[in-house]
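Here's a friendly walk through this structure. Have a look at it first, and then we'll start with the ligand and work outwards.

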Amino acid sequence: MAEIVIVRDKEAAGELVADHIAALVRENPEAVLGLATGSTPLPVYEALRPRLQGVDVSRVRGFALDEYVGIDPAHPESYRSVITREVVEPLGLNPELVRTPDGTPEGIEYHGEEYEAAILDAGGIDLQILGIGTDGHIGFNEPGSSFASQTRVKTLTEQTRRDNARFFDSIDDVPMHCITQGLGTILRARHLVLLAFGEGKAAAVAGAVEGPLTASLPGSAIQLHARATVVVDEAAASQLQRAAYYRYAFDNKPDWQGI
Ligand code: F6R
């Protein structure tokens, strides 16, 4: 099963995960990072900034999880813009080495395969940061997504469009389609780090970690991964049955193991 780390708040989560990523980049300056967008990973990106000062990041590569289809890449809420604003610029990464799936409608049927090939070409993703949707999606793999799925176009659920309306003027402006790494793509990353904060994520987290393996809750796919770390605050952990054990295991974990 995944390792569950229950932390005080999102800042503590950001620091824990950023420590680990900074160590990874120092050890391997060509590390390949899988980047999530949305609100959840922001504390990680913020905490990474001071930790990467003076570290050579010029060869770090990155792959975003997903992108809206048909959104102008220059739109402030395109995931290209978000990744540029929240990750590439503040961390000083080379923009040419950080990709997002291509959501341009022309040729969209080939963009998934091209993205898969680019990830393969980079040697695969070393560490994949994940958030989770209130409906249990990871990436934009909505309920029903195959565990073997690859990067492809998906239709967003109404729930996800409602959740993401906060980034747009209204729900009508939230694109209907996205292009997302598949669950199969995500499962090939060498280390998964899923973060979740707040009461609204508690049911999805409990389902993903302790529920049955089911395409109805795509986040449960992490149970298939040999190295998955789930970092949650108290509120997001509030529906976990075995919380006491997770705390006990983490408190007694040898330091050398890290996360
Ligand atoms: C983002 C992504 C999504 C989000 C999820 C949670 O690239 O793939 O799975 O991680 O929708 O969103 P937030 O973090 O905004 O609650």
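Let's begin at R166: one of its polar side-chain atoms lies 2.8 Å from an oxygen atom of the ligand. That pair fits the cut-off for a polar contact, which is two N or O atoms within 3.5 Å; inside the protein, one must also be able to donate a hydrogen and the other to accept it, and residues adjacent in sequence count only if both atoms are side-chain atoms. On its own the ligand exposes 410 Å², and the protein buries 94% of that (areas by the Shrake-Rupley method with a 1.4 Å probe; for residues, only the protein chains shown count as cover).

Before going further, a word on what you're looking at. This is a predicted model, where local features need pLDDT of at least 70 and side-chain atom pairs count only at pLDDT 80 or more, while totals for chains, interfaces and linings use all residues. Residues are numbered from 1 along each chain as its sequence is written, and side-chain values use heavy atoms, with hydrogens and water left out.

**Around the ligand**

Two other side chains reach ligand oxygens with an N or O atom, and here they are beside R166:

| Side chain | Distance to a ligand oxygen |
|---|---|
| T40 | 2.4 Å |
| D66 | 2.5 Å |
| R166 | 2.8 Å |

How many residues surround the ligand? There are 14, and the closest are T40, D66, H137, G139 and K201 (a residue counts if one of its heavy atoms lies within 4 Å).

K201 also turns up next to G133, a residue in the loop between β6 and β7 (152-155). Leaving aside neighbours within four places in sequence, G133 is in contact with K201 and A204, contact being heavy atoms within 4.5 Å. Is G133 buried or exposed? It's buried, because its relative accessible area is 7% (buried is under 20%, exposed over 50%, partly exposed in between, with a 1.4 Å probe and protein chains only). E77 is 56 residues from G133 along the chain, and their C-alpha atoms are separated by 17 Å.

**Helix α7**

A204 leads us on to helix α7, residues 202-210. Helices (H or I, at least four residues) and strands (E, at least two) are DSSP runs, numbered from the N terminus. Why call α7 largely enclosed by the rest of the structure? Because 8 of its 9 residues are buried. Among them are A204, V205, G207 and E210. The buried residues of α7 pack against β1 (3-7), β9, β10 (228-233) and α8 (243-251).

**Helix α2 and its neighbour α1**

β9 (192-196) also takes part in the packing of helix α2, whose buried residues sit against α1 (10-27), β2 (32-35), α3 (79-91) and β6 (127-130) as well. In α2, which spans residues 42-51, the buried ones are P43, V44, Y45, A47 and L48.

R51 lies in α2 too, but it counts as partly exposed because its relative accessibility is 24%. Its side chain reaches back to the backbone oxygen of A47 at 2.8 Å. Beyond its neighbours within four places in sequence, R51 is in contact with E15, A18, D19, A22 and R26. R51 and D19 are 32 residues apart in sequence, yet 7.2 Å apart in space, C-alpha to C-alpha.

Over in helix α1 you'll find K10, which is partly exposed at 39% relative accessibility. Setting aside neighbours within four places in sequence, K10 is in contact with P43 and F197. K10 and I259 are 249 residues apart in sequence and 16 Å apart in space, C-alpha to C-alpha.

E11 is in α1 as well, and at 46% relative accessibility it also counts as partly exposed. The C-alpha atoms of E11 and E46 are separated by 9.1 Å, with their positions 35 residues apart along the chain.
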